[in-house]
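Please look through the sequence and the model before reading the points. They are meant for someone who has not seen this structure yet.

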Amino acid sequence: MTDEQRLSQLANVAGRGFIVNALFEGGLQAMLLLQSLLVPRLLGPANVGLFALAMAAVNVGFTLK
């Protein structure tokens, strides 16, 4: 196998990995959007502030990660 063939194979694998990661991240973002719309509706006005505080804490955790 030549160097060009190895590089071509590596580029194909990297491209597939990028697509899989992009789809996973897109699905995750869609679920987070659905959660942020659905959960407050189910909780009602009394608990929306607590939910917002919890979401802020999770976002800080993701940022620090």
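The points below go from the whole chain to single residues.

1. Status and content. This is a predicted model. The protein chain has two helices and zero strands. Helix α1 covers residues 3-43, and α2 covers 48-64.

2. Overall dimensions. The C-alpha trace of the protein chain spans about 65 × 25 × 10 Å along its principal axes. The radius of gyration is 20 Å, whereas a compact globule of 65 residues would have one near 11 Å.

3. Burial and surface. Of the 65 residues in the protein chain, 6% count as buried. The accessible surface of the chain comes to about 5700 Å². Carbon and sulfur atoms account for 70% of that surface.

4. Length of α1. What span should the 41 residues of α1 have at 1.5 Å a residue? The expected value is 60 Å, and the end C-alpha atoms of α1 are 59 Å apart, so the two agree. A pair of residues further illustrates distances along the chain: E4 and Q29 lie 25 residues apart, and their C-alpha atoms are separated by 37 Å.

5. E4. This residue is in helix α1. Is E4 buried or exposed? E4 counts as exposed because its relative accessibility is 69%, and the cut-off for exposed is over 50%.

6. Nonpolar patch. Which residues form a nonpolar patch on the surface? They are F24, L28, M31 and L32, and together they have about 380 Å² of accessible area. F24 is located in helix α1. With a relative accessibility of 58%, F24 is therefore classed as exposed. In an α-helix there are 3.6 residues a turn, so residues three or four places apart point the same way.

7. After α1. G44 comes just after α1 and takes a positive phi of about 90 degrees. A46 is found in the loop between α1 and α2. The relative accessible area of A46 is 73%, so A46 is exposed.

8. From the loop to L64. How far apart in space are A46 and L64, C-alpha to C-alpha? The distance is 29 Å, for a separation of 18 residues in sequence.

Definitions and conventions
Residues are numbered from 1 along each chain as its sequence is written. This is a predicted model: local features need pLDDT of at least 70, side-chain atom pairs count only at pLDDT 80 or more; totals for chains, interfaces and linings use all residues. Side-chain values use heavy atoms; hydrogens and water are left out. Patches are made of residues with over 30% relative accessible area and no salt bridge: like charges are joined within 9 Å, nonpolar side chains (Val, Leu, Ile, Met, Phe, Trp, Tyr) within 5 Å. Accessible areas come from the Shrake-Rupley method with a 1.4 Å probe; for residues, only the protein chains shown count as cover. A salt bridge is a side-chain nitrogen of Lys or Arg within 4 Å of a carboxyl oxygen of Asp or Glu. Helices (H or I, at least four residues) and strands (E, at least two) are DSSP runs, numbered from the N terminus. Buried means under 20% relative accessible area, exposed over 50%, partly exposed in between (1.4 Å probe, protein chains only). The expected span of a helix is 1.5 Å times one less than its number of residues. The radius of gyration is taken over C-alpha atoms; the globule rule is 2.2 Å times the number of residues to the power 0.38.
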